[in-house]
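Q: I'm new to this one, so please pick a single part and give it a close look. Then tell me how the rest fits around that part.

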Number of protein chains: 2
Amino acid sequence: MISFDDFRPVDGKPIYLQILEYIKRGAVAGIIRDGDELPSRRVLSALLGINPNTVQKAFKTLEDENLITSRAGAKSFMTLDGEKLRHLRAELLEDTVSEMARKLREMGLSKEEALHLLSEHWEKEE
Amino acid sequence: MISFDDFRPVDGKPIYLQILEYIKRGAVAGIIRDGDELPSRRVLSALLGINPNTVQKAFKTLEDENLITSRAGAKSFMTLDGEKLRHLRAELLEDTVSEMARKLREMGLSKEEALHLLSEHWEKEE
DNA sequence: ATAACCGTATTATTGGTATAGTACAGTTGT
DNA sequence: ACAACTGTACTATACCAATAATACGGTTAT
């Protein structure tokens, strides 16, 4: 069963997208694997303190992207293969890094300053 | 007059926030300075192809944060001092780096991998 | 079988973003 | 002074995210 222990919705971005991305990053990290069972819509919404329809929208989007499989009455589960994972990893990394680089450039930082800042922050969190 | 040449609204985030952050990052970069004049609401909205009310919301928010000064009939202008700039810089850098680091960690990257990825991407864009 | 789950679908309401149109009063340049 | 611009305010509409309540039928465990 996939755990949502370290997930908390924040505002500034649609909750259903945050759930979507949390699962995608978990898959890329190898924490979430092919065949893994997802919590039910009702249970997860209660756990997160949000509406069942919000979870449904996240799961429906995942199904539309062929990352999970659902059938009425039973729990949903991950359907991942190597090709999907490689594609997902490339996509998420590119999006994340390019967005950050763009912001830091806009603030006038040099490459060295950017690297130093990320390095410092990483150590602080460890 | 502050230029919006390299600004294009994208979707996924409210336009008024994108304008807000673009100006803040320009101030942190030193491209936008104290006393600089802003384009009028009507002119900027026409330039960006968006509604005047959207620009108004961005500018109103900036005024609420004491980063610009407006008076009826005249153009608005930046009101920045060293203290505001230092605070702004610290805030924007912290937000940007911590968000990116969180995402990369969620994807299971090590510090070295993250730094290498940012370095590679930076060079590709230069 | 049957109770307790499950996914799925529908309708309604609320709040925020963005659009559109209009209006009024203050400033600026000529 | 006067025309052209400015900031500001207001109403109305449309769309999406999120909530709420309800309903139906399929699956699962006992």
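A: Turn chain B by 180 degrees with 0.1 Å of shift along the rotation axis, and chain B lands on chain A with an RMSD of 0.1 Å. The two copies are thus related as by a two-fold rotation axis. That fit is a least-squares one on the C-alpha atoms of residues with pLDDT of at least 70 in both copies.

A quick word on the ground rules. This is a predicted model, where local features need pLDDT of at least 70 and side-chain atom pairs count only at pLDDT 80 or more, while totals for chains, interfaces and linings use all residues. Residues are numbered from 1 along each chain as its sequence is written, and chains are lettered from A and ligands numbered from 1 in the order in which they are written.

So let's look at where the two copies meet. Chain B gives 25 residues to the contact, and chain A gives 25 residues too; two residues are in contact if their C-beta atoms, placed from the backbone, lie within 7 Å. On chain B, the touching side takes at least two residues from each of helix 1 (15–29), helix 4 (82–106) and helix 5 (111–125). Helices here are DSSP runs (H or I, at least four residues), strands are E runs of at least two, and both are numbered from the N terminus. Helix 4 of chain B brings the largest share of that side, 10 residues. By class, the side of chain B that touches chain A has 14 nonpolar, six polar and five charged residues. Nonpolar means Ala, Val, Leu, Ile, Met, Phe, Trp, Tyr, Cys and Pro, charged means Asp, Glu, Lys and Arg, and the others, Gly among them, are polar. The copies meet through the same surface, because 100% of the interface residues of chain B are also interface residues in chain A.

Now zoom in on helix 4 of chain A. This helix covers residues 82–106, so 25 residues, and reaches 36 Å from its first C-alpha to its last, close to the 36 Å expected at 1.5 Å a residue; the expected span is 1.5 Å times one less than the number of residues. Its buried residues are Thr96(A), Val97(A), Met100(A), Ala101(A), Lys103(A), Leu104(A) and Glu106(A). Buried means 20 or more other C-beta atoms within 10 Å of a residue's own, exposed means 12 or fewer, and partly exposed is in between, with C-beta atoms placed from the backbone. What do they pack against? The buried residues of helix 4 of chain A pack against helix 5 (111–125) of chain A, and also against helix 1, helix 4 and helix 5 of chain B. Just after helix 4 of chain A, Gly108(A) has a positive phi of about 85 degrees.

Step back to chain A as a whole. Chain A has five helices and two strands, in the order α-α-α-β-β-α-α from the N terminus. Its C-alpha atoms fill a box of roughly 55 × 35 × 25 Å along the principal axes. Of the 126 residues in chain A, 24% are buried.

Then there's the DNA. Around DNA strand D there are 24 residues, and Pro14(A), Asn51(A), Asn53(A), Gly73(A) and Ser40(B) come nearest; a residue is near a strand if its C-beta atom, placed from the backbone, lies within 6 Å of that strand. Helix 2 of chain B gives the most to the surface near DNA strand D, three residues. That surface has nine nonpolar, 10 polar and five charged residues. DNA strand C has 25 residues around it, with Ser40(A), Asn51(B), Asn53(B), Gly73(B) and Ala74(B) coming nearest. Two or more residues of the surface near DNA strand C come from each of helix 2 (41–48) and helix 3 of chain A, and helix 1 and helix 3 of chain B.

Last stop, a couple of loops. Ile50(A) sits in the loop between helix 2 and helix 3 of chain A, and is partly exposed, with 16 other C-beta atoms within 10 Å. Beyond its neighbours within four places in sequence, Ile50(A) is in contact with Pro9(A), Ile15(A), Ser45(A) and Val55(A). Asn66(A) lies in the loop between helix 3 and strand 1 (68–69) of chain A. Its phi is near 60 degrees, a positive value in a residue other than glycine. With 11 other C-beta atoms within 10 Å, Asn66(A) is exposed.
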